[in-house]
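Please look over the sequence and the structure below before reading on. The briefing then takes a few local features in turn.

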Amino acid sequence: MSKGPLMACVWYDRRFVSFLSTAHEPTLEDGSLPTVMRREGRERIPVRCPPLLPDYIANMRGVDRGDQLVSLYNAGRRSTKAWKRVFYYILECSILNAYIIEGQFDQRHGRTRDYKAFREELASQLIDSFSARSRPGRPRDLSMQRLNGSLDHLPVFTDKSQCC
């Protein structure tokens with residue numbers, strides 16, 4: 001379906017795939033549809049597809065890979081608050097971006113590391129510098145002076161009843 005510069009398309013491969021595009025026409029210039037190769041058993045057969053699918057396959061592999069890596073080790077927690085879900089998604093994307101940047105650096109120096117090892121090292125580095133300090137305020141008296149009677153804080157029993 002096409003309306004103005006926007007084209008909407010649904011294609012069934014193994015499941016339904018929906019597309020919206022402003023860069024493609026519903027058919028090629030000659031009126032035909034392009035084909036992609038699919039496997040049936042041991043043979044590869046051409047299957048007709050929408051014209052935007054070959055461009056999608058050629059250009060979107062990085063986005064699909066990024067979504068896959070973000071969903072593998074999800075640090076987010078379930079929440080009814082939308083801002084928390086957005087925060088955890090941004091956190092996951094920033095961890096993935098750091099991994100990609102480190103991977104580009106490591107390729108130049110001949111090192112490789114998988115995503116799980118990167119996340120584990122990142123977590124250990126963040127936790128390593130953490131110190132559980134006590135809350136601000138009056139420091140606690142851990143000595144036993146107040147309990148052994150040396151400071152006269154114990155009650156005194158008398159025969160008279162008096163007010164404080």
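What follows covers a strand and its hairpin, a surface patch, two cysteines and one tyrosine in a loop.

The model is predicted. Strand E2 spans residues 6-12 and has side chains on two faces, one set buried and the other not. The structure contains zero disulfides. Tyr73 lies in the loop between helix H2 and helix H3.

**Strand E2 and its partner**

- In a regular strand the side chains alternate between the two faces of the sheet.
- Strand E2 shows such an alternation: Met7, Cys9 and Trp11 point to one face and are buried.
- Leu6, Ala8, Val10 and Tyr12 point to the other face of E2 and are not buried.
- E2 pairs with strand E3, which covers residues 16-21, in the antiparallel sense.
- Six bridges make up this pairing.
- The connection from E2 to E3 is a hairpin of three residues.

**Val10 and the surface patch**

- Val10 belongs to strand E2, and its bridge partner in E3 is Ser18.
- Val10 counts as exposed because its relative accessibility is 57%, and the cut-off for exposed is over 50%.
- Together with Tyr12 and Phe16, Val10 forms a nonpolar patch on the surface.
- The accessible area of these three residues together is about 380 Å².

**Cys9 and Cys49**

- The structure has zero disulfides, and Cys9 is accordingly in none; the nearest cysteine sulfur to that of Cys9 belongs to Cys49, 9.0 Å away.
- Why is there no bond from the sulfur of Cys49 to the closest cysteine sulfur, in Cys9? The distance of 9.0 Å is too far for a bond, since a disulfide needs the two sulfur atoms within 2.5 Å.
- Cys9 has 16% relative accessibility and therefore counts as buried.
- Cys49 has 2% relative accessibility, so Cys49 also counts as buried.
- Both values fall under the 20% cut-off for buried.

**Tyr73 in its loop**

- The loop that holds Tyr73 runs between H2 (61-72) and H3 (82-109).
- Tyr73 counts as partly exposed because its relative accessibility is 32%.
- Which residues does Tyr73 contact, leaving aside its neighbours within four places in sequence? They are Glu92, Tyr115, Lys116 and Arg119.
- One of these contacts, Lys116, is 43 residues from Tyr73 in sequence.
- In space, Tyr73 and Lys116 are 7.8 Å apart, C-alpha to C-alpha.

Definitions and conventions:
Residues numbered from 1 in each chain as written. Predicted model: local features only at pLDDT ≥ 70, side-chain atom pairs only at ≥ 80, totals over all residues. Heavy atoms only, no water. Buried < 20%, exposed > 50% of the residue type's maximum accessible area, 1.4 Å probe, protein only. Helix = DSSP H or I, 4+ residues; strand = E, 2+ residues; numbered from the N terminus. Pairing = 2+ DSSP bridges. Patch = residues over 30% accessible without salt bridge, like charges linked within 9 Å, V, L, I, M, F, W, Y side chains within 5 Å. Areas by Shrake-Rupley, 256 points an atom, 1.4 Å probe, with all protein chains shown as cover. Salt bridge = Lys/Arg side-chain N within 4 Å of Asp/Glu carboxyl O. Contact = heavy atoms within 4.5 Å.
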